[in-house]
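Biologist: Before I go to the bench, I would like a close look at a single part of this protein, the sheet and what surrounds it. Could you take me through that part slowly, and then place it in the whole chain?

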Amino acid sequence: MAKSPAEEHPKKAFGWAARDTSGVLSPFKFSRRETGENDVAFKVLYCGICHSDLHMLKNEWGNTIYPIVPGHEIAGEVTEVGSKVKNFKVGDRVGVGCMVGSCRSCDSCSNDLENYCPKMILTYSAKDSDGTITYGGYSDCMVADEHFIVRIPDSIPLHAGAPLLCAGITVYSPLRYYGLDKPGMQIGVVGLGGLGHVAVKFAKALGAKVTVISTSPNKKQEAIERLGADSFLVSRDQEQMQAAKGTLDGIIDTVSASHPLLPLLSLVKTHGKFVLVGAPEKPLEVPAFALIGGRKTLSGSCIGGMKETQEMIDFAAKHNITADVEVIPIADVNTAMERMIKQDVKYRFVIDIGNTMKAST
Ligand SMILES: NC(=O)c1ccc[n+]([C@@H]2O[C@H](COP(=O)([O-])OP(=O)(O)OC[C@H]3O[C@@H](n4cnc5c(N)ncnc54)[C@H](O)[C@@H]3O)[C@@H](O)[C@H]2O)c1
Ligand SMILES: [Zn+2]
Ligand SMILES: [Zn+2]
């Protein structure tokens, strides 16, 4: 008979898991593997709540394995390293993002794009190389091969740096890859949530003029005064949208639900690029004429490779970029999920794992 999650491995671990599509999280005992020769083990101190955690908790993408311990914006302090680990030592400030493994030999892996490896292993709710199920960062400890460990620079506080491990790299990578990183470019960011607000910060640091595109004017003042955006468009305001037609070199679309692409594509210049990073449960409608006229590119992007993730976080340190976070105790995690559904978060919930995740809670 298969062993229970609490008995599979030698190390006791404790987290919060959902058991079914209600997505409701509650305390969960499981186990983690012994620190292998190439592994880094760390005490989790903070974990961001990504909207992907919510999609996965409710099995909206159809691939969730229950029980699921979510969390892939994981930051903490190294407690043990394997004998062959070269780059980390006990006490180092580290993080793990969305993946904990890949084949390390395919074309993607050879080009530092482990995120596109067909055998990439997600940090949670995926089958690990030993056949067990991976569990994420809503838990007290973590272990992963050092290749998938990110060093968090000293100037970045762990609670505000944790969201960079998913939200940060997910927006940084397409800005770079699609050449939307040239000073003076006009960049649009659709959806001002966890991903969107860091997209504004990275695009600004790269020298762009940034326009936030949002369904309501609620976040206008903050977007401009606090996040540094240059302008703000309300997508429901026909007049504003008409006036901004054909003005943007590129758009990063972070919206988590289905939404019309036509008005957004019309904001892009001839030869402009529209990059989807948001991952709505239902397919989006693609209006062909909005792409044909103007030879526009509609594309996607999925997190980033390990080398680029380290580059992103070092860039963030240099430019003082962190996430704007609301730190919560683990006991409030289900309320936080409800609030995320209502779009009531500025701009990322981060769970204080170190102080509030206790086996007795
Ligand atoms: N491509 C990737 O690698 C990657 C990585 C991380 C997250 N994601 C996905 O990106 C999306 C955003 O993640 P997040 O953590 O920033 O979420 P979030 O909840 O913090 O932000 C989502 C934003 O979308 C807006 N929004 C929601 N429904 C909308 C609608 N119907 N019309 C217009 N705007 C709407 C919200 O107001 C909010 O600003 C999610 O789908 C997530 O799964 C993708
Ligand atoms: Zn994420
Ligand atoms: Zn590979």
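Modeller: Two strands are counted as paired here if DSSP finds at least two bridges between them. Please keep in mind throughout that this is a predicted model. With that rule in hand, a good place to begin is one pair of residues: V189 stands opposite V212, the latter in β11. The two strands concerned are β10, residues 186–190, and β11, residues 209–214, which pair in the parallel sense over five bridges.

This pair belongs to an open sheet of six strands, and if you follow the sheet across, the order is β12-β11-β10-β13-β14-β15, with parallel pairing. At the edges lie β12 (231–234) and β15 (297–300), each of which pairs on one side only. Neighbouring strands in the sheet are turned against each other by 20 degrees on average, when direction is ignored. Against this sheet packs the helix α5, which touches β10, β11 and β13 (248–253), and whose direction makes about 170 degrees with that of β10.

The helix α5, which spans 194–205, also leads us to the ligand, for α5 and α1 each supply at least two residues of the shell around ligand 1. That shell comprises 26 residues, and the closest to ligand 1 are H51, G191, G193, L195 and S256. Sorted by class, the shell has 15 polar and 11 nonpolar residues, but no charged ones.

To place this part in the whole chain, we need the domain assignment, which gives domain 1 as 11–166 + 304–356 and domain 2 as 168–300. The centres of the two domains, taken over C-alpha atoms, are separated by 27 Å. Where they touch, domain 1 contributes 23 residues to the contact and domain 2 contributes 15 residues. On the side of domain 1 that touches domain 2, the elements giving two or more residues are α1 (51–57) and α10 (306–318), and the largest share, five residues, comes from α10. By class, this side of domain 1 has 12 nonpolar, seven polar and four charged residues.

The ligand brings the two domains back into one picture, since the shell around ligand 1 draws at least three residues from each of domain 1 and domain 2. Helix α1 is therefore worth a second look when you turn the model: α1 gives residues to the side of domain 1 that touches domain 2, and α1 also supplies residues of the shell around ligand 1.

How values were computed. Residues are numbered from 1 along each chain as its sequence is written. Chains are lettered from A and ligands numbered from 1 in the order in which they are written. This is a predicted model: local features need pLDDT of at least 70, side-chain atom pairs count only at pLDDT 80 or more; totals for chains, interfaces and linings use all residues. Domain bounds come from an automatic or database domain assignment. Two residues are in contact if their C-beta atoms, placed from the backbone, lie within 7 Å. Helices (H or I, at least four residues) and strands (E, at least two) are DSSP runs, numbered from the N terminus. Ala, Val, Leu, Ile, Met, Phe, Trp, Tyr, Cys and Pro count as nonpolar, Asp, Glu, Lys and Arg as charged, and the others, Gly among them, as polar. A residue is near a molecule or strand if its C-beta atom, placed from the backbone, lies within 6 Å of it. Axes are lines fitted to C-alpha atoms, for helices over the stretch in contact, and angles run from 0 to 180 degrees between N-to-C directions.
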